[in-house]
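The following exercises train the reading of a protein structure. Each task is followed by a solution in steps.

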Amino acid sequence: MNKRKTPLQKQIEGELEAIALANPYDFVKVTEMSGDEEVNYRLVPVPSEEISDNNKKAVEVLSQTARGIEVKLHNKLKAIEMLGKMNGYFEGKVDSDEARKIPSPVIEKSIYEMEEMLGVPHKSKRRGSLKNDTE
């Protein structure tokens, strides 16, 4: 069933889309600075007239600090989640908090392998672990 959206709903959806699709590199340029022995990079703000009105919607904080200009964007994942709920993308799906509680053998194996590489002793048994030491 195709439900019509009110102008306000369309505007809210547009704001959320701007946040969800914002790219931090639309606000800064990465410039190369050559030093004596190494190359360093620095971030230079893009002039405001070069930033689209749509991208400006994604800005949560814009301030001058002692160290330069701070540009903080709204929470991208939250905007994606809200858009998904508004458009019914997540209906009938497992809640993400519930999904995190389910151990994954692949994740467990990866954690174990990383711990092995780092030399981390395996003193405790993890739920769903593929291998346990008897130390």
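A polar contact is a pair of N or O atoms within 3.5 Å; within protein, one atom must be able to donate a hydrogen and the other to accept it, and residues adjacent in sequence count only if both atoms are side-chain atoms. Helices (H or I, at least four residues) and strands (E, at least two) are DSSP runs, numbered from the N terminus. The model is predicted: local features need pLDDT of at least 70, side-chain atom pairs count only at pLDDT 80 or more, and totals for chains, interfaces and linings use all residues. Residues are numbered from 1 along each chain as its sequence is written, and side-chain values use heavy atoms, with hydrogens and water left out.

**Exercise 1. Describe the two ends of helix α3 (residues 76-86).**

Step 1. At the N-terminal end, the cap of α3 is asparagine 75. A side-chain oxygen of asparagine 75 lies 3.0 Å from the backbone nitrogen of leucine 77.

Step 2. After α3 comes glycine 88, with a positive phi near 75°.

**Exercise 2. Determine which residues of α3 are buried and which are exposed on the other side.**

Step 1. Apply the cut-offs: buried means under 20% relative accessible area, exposed over 50%, and partly exposed in between (1.4 Å probe, protein chains only). The buried residues of α3 are Ala79, Leu83 and Gly84.

Step 2. Seen down the axis of α3, these buried residues fall within an arc of 135°, so they line one face of the helix. The arc is that of the directions from the helix axis to the C-beta atoms. An α-helix has 3.6 residues a turn, so residues three or four places apart point the same way.

Step 3. Leu77 and Lys85 are exposed on the other side of α3. The cover over the buried residues of α3 includes α1 (7-21), where contact means heavy atoms within 4.5 Å.

**Exercise 3. Identify the members of the largest nonpolar core and the elements that give two or more residues to this core.**

Step 1. A nonpolar core is a set of buried Ala, Val, Leu, Ile, Met, Phe, Trp, Tyr and Cys residues joined through side-chain atoms within 4.5 Å. The largest has 7 residues: Leu16, Ile19, Ala20, Ala22, Ala58, Ala79 and Leu83.

Step 2. Two or more residues come from each of α1 and α3; α1 gives the most, with 3 residues.

Step 3. Take alanine 20 as an example: not counting residues up to four places away in sequence, alanine 20 touches Lys76, Ala79, Ile80 and Leu83.

**Exercise 4. Compare the surroundings of asparagine 55 and arginine 42.**

Step 1. Asparagine 55 belongs to helix α2 (residues 53-56) and is buried, with a relative accessible area of 14%. Beyond neighbours within four places in sequence, asparagine 55 contacts Asp26 and Phe27.

Step 2. Arginine 42 belongs to strand β2 (residues 39-45) and is partly exposed at 46% relative accessibility. Leaving aside neighbours within four places, arginine 42 contacts Lys29, Val30, Thr31 and Met33. The C-alpha atoms of arginine 42 and lysine 29 are 8.2 Å apart, although the two residues are 13 apart in sequence.

**Exercise 5. State how the confidence of the model varies along the protein chain.**

Step 1. pLDDT is the predictor's confidence in each residue, from 0 to 100. The chain averages a pLDDT of 77, and 64% of the residues score at least 70.

Step 2. Among the elements, α2 has the highest mean pLDDT (94), and helix α4 (residues 96-101) the lowest (59).

Step 3. Over residues 124-135, pLDDT stays under 50. Where pLDDT is low, the predicted coordinates should not be read in detail.
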